[in-house]
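This briefing goes through one protein model by topic. The sequence and the structure come before the notes.

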Amino acid sequence: MLRVAIAGCHRQILRQPGSHNFASAFHDNPETAVAGVFDYGAEERAGFVECWRDVWGEVPAFDDYGRMLDEVRPDIVCIATRQTMHADQIEQAVAAGVRGILCDKPLVTRLAELDRVAAACESTPLAFALDRRWNPAYHALGSALEARPVGEITSITAYGLSNTINHGCHAYDALLMLLGDPEPAWVSGFLDPGDPGDERRLSDPPCRAQIGLPDGVHAYVTCDGPRGLAFEIAGEGGRISVYSDAEAARIHTDESQEPIPLPPKAEGWPAGAGMVADLVRAVKEEGRTACDVPQARRATEIGFAIWSSSQRDGSRVRLPADDRALRVESYPWGNEAPA
């Protein structure tokens with residue numbers, strides 16, 4: 001049985017499986033047990049213990065992250081705090097000897113912190129919680145694209161970005177995954193602040209951007225379109241439309257239009273169970289996960305590079321981006337250190 005410690009439990013004080021409820025994903029895995037939690041909020045700590053008492057008993061709850069690591073000695077640490085704390089907490093966990101890390105998105109507040117995370121996790125598997133890496137519909141889409149039903153792909157567009165960092169990382173990772181994980185070379189784009197009275201939008205606005213990929217393939221991301229991810233994939237012999245975050249997809253050619261068979265949307269949060277199972281496997285085999293340091297790096301670099309490009313009037317920013325100090329904190333999340 002692998003011992004799990006959770007940092008940041010305010011989204012995990014209910015039993016219903018759902019995005020960010022990592023406790024529910026660990027509950028679904030018979031090889032893990034939560035042995036300790038950290039949160040600065042006394043109410044959140046008490047709520048977690050009460051919610052999961054019949055599963056894991058009186059889980060020790062801490063208001064000091066370092067003390068939790070020292071006393072619990074976990075095999076896995078789940079970091080669900082705001083990204084202002086991630087780099088420090090990942091480094092502390094690795095130094096304490098953990099065997100695997102599950103980290104919520106977004107990953108960091110600046111690319112210099114990304115470099116620290118990559119160094120810390122060089123020999124420790126990281127599961128960066130970009131759900132679509134473990135989503136059966138996206139896996140089915142990726143398999144369908146491998147057969148090149150519209151010929152060689154020339155471009156892919158992701159629609160409906162609500163912001164550039166916080167949720168944007170999901171879009172960048174999904175489009176790279178669909179294309180077989182090419183290494184992005186450059187980014188060019190603009191932020192779209194929109195309503196100046198919207199504080200969340202001002203802190204992490206959406207964007208319109210272009211991403212240069214190998215072999216002349218281009219990716220585009222835009223805040224235009226309905227809310228929720230959708231993709232248009234163009235090839236030499238047609239195009240593929242992906243609707244409503246991969247609930248449906250269709251191939252369009254001159255000769256025909258036909259759907260791509262996709263698994264139906266499942267109840268609960270199967271991607272959460274998938275990421276935990278993947279991390280458990282990586283810990284036991286001393287391997288890596290489906291969304292480890294390379295995938296986390298690409299998805300994070302792109303968002304910060306778009307910010308840098310926008311500050312430079314849309315000029316191309318080569319990757320890895322040169323401005324490692326640019327700070328983007330994205331949205332408040334809870335678990336901030338008390339003043």
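How do the residues of the lining of the largest cavity divide into nonpolar, polar and charged? The lining of the largest cavity has four nonpolar, four polar and two charged residues. The model is predicted. The points below cover the cavities, the largest pocket, the sheet, the hairpins and the cysteines.

**Cavities**

- The structure has three cavities of 30 Å³ or more.
- About 60 Å³ is the volume of the largest cavity.
- Its lining is made up of T81, R82, Q83, H86, K105, P106, N166, Y331, P332 and W333.
- The second largest cavity has about 50 Å³ of volume.
- Around the second largest cavity stand P106, L107, T164, I165, C169, Y172, A299, T300, G303 and F304.
- P106 is one of the residues that line the largest cavity, and P106 is also among those that line the second largest cavity.
- Helices α7 and α10 (293-311) each give at least two residues to the lining of the second largest cavity.
- With four residues, α10 provides the largest share of that lining.
- Seven nonpolar and three polar residues make up the lining of the second largest cavity, which has no charged residues.

**Largest pocket**

- The largest pocket holds about 950 Å³ of space.
- It is lined by 34 residues, of which D131, R132, N135, D245 and K265 are the closest to its centre.
- By class, the lining of the largest pocket has 13 nonpolar, 13 polar and eight charged residues.
- At least two lining residues come from each of α6 (136-146), α7 (168-178) and α9 (270-285).
- The largest share, three residues, is supplied by α7.
- Helix α7 thus appears in two linings: that of the largest pocket and that of the second largest cavity.

**Parallel sheet**

- An open sheet of six strands has the order β3-β2-β1-β4-β5-β6, with parallel pairing.
- At its edges are β3 (61-62) and β6 (126-128), each of which pairs on one side only.
- Four bridges link β1 (residues 2-7) with β4 (residues 76-79), and the two strands are parallel.
- I6 has C78 in β4 as its bridge partner.

**F38 in strand β2**

- Strand β2 (residues 32-38) contains F38.
- F38 has a relative accessible area of 1% and is therefore buried, the cut-off being under 20%.
- Beyond its neighbours within four places in sequence, F38 contacts I6, A7, G8, C9, F62, D63, D64, Y65, M68, T81, M85 and Q89.
- One of these contacts, I6, is the residue bridged to C78 in β4, and another, T81, is among the residues lining the largest cavity.
- F38 and A277 are 239 residues apart along the chain, and their C-alpha atoms are separated by 22 Å.

**Antiparallel hairpins**

- Strands of a sheet pair through backbone hydrogen bonds, in either a parallel or an antiparallel sense.
- Strands β12 (residues 238-243) and β13 (residues 248-252) run antiparallel and are joined by five bridges.
- Y243 is bridged to A248 in β13.
- Four residues lie between the strands of this hairpin, and S244 has a positive phi near 50°.
- Strand β13 is also joined to β14 (residues 257-259), by three bridges in the antiparallel sense.
- Opposite H252 is Q257 in β14.
- The hairpin of β13 and β14 has four residues between its strands.

**Cysteines**

- A disulfide is a covalent bond between the sulfur atoms of two cysteines.
- The structure contains zero disulfides.
- The sulfur of C9 has its closest cysteine sulfur in C51, 10 Å away, and this is too far for a bond because a disulfide requires the sulfur atoms to be within 2.5 Å.
- For C103, which is in no disulfide, the nearest cysteine sulfur belongs to C78 and is 8.3 Å away.
- C9 is buried, at 0% relative accessibility.
- C103 is likewise buried, and its relative accessible area is 0%.
- C9 also appears among the contacts of F38, and C78 is the bridge partner of I6.

Note on methods
Residues are numbered from 1 along each chain as its sequence is written. This is a predicted model: local features need pLDDT of at least 70, side-chain atom pairs count only at pLDDT 80 or more; totals for chains, interfaces and linings use all residues. Side-chain values use heavy atoms; hydrogens and water are left out. Two strands pair if DSSP finds at least two bridges between them. On a 1 Å grid over the protein atoms alone, a cavity is a set of points where a 1.4 Å probe fits but cannot get out, and a pocket is an open set with protein on both sides within 12 Å along at least five of seven lines; lining residues have an atom within 4 Å of a point. Grid points are joined across faces, edges and corners, and a volume is the space filled by probe spheres set on the points. Ala, Val, Leu, Ile, Met, Phe, Trp, Tyr, Cys and Pro count as nonpolar, Asp, Glu, Lys and Arg as charged, and the others, Gly among them, as polar. Buried means under 20% relative accessible area, exposed over 50%, partly exposed in between (1.4 Å probe, protein chains only). Contact means heavy atoms within 4.5 Å.
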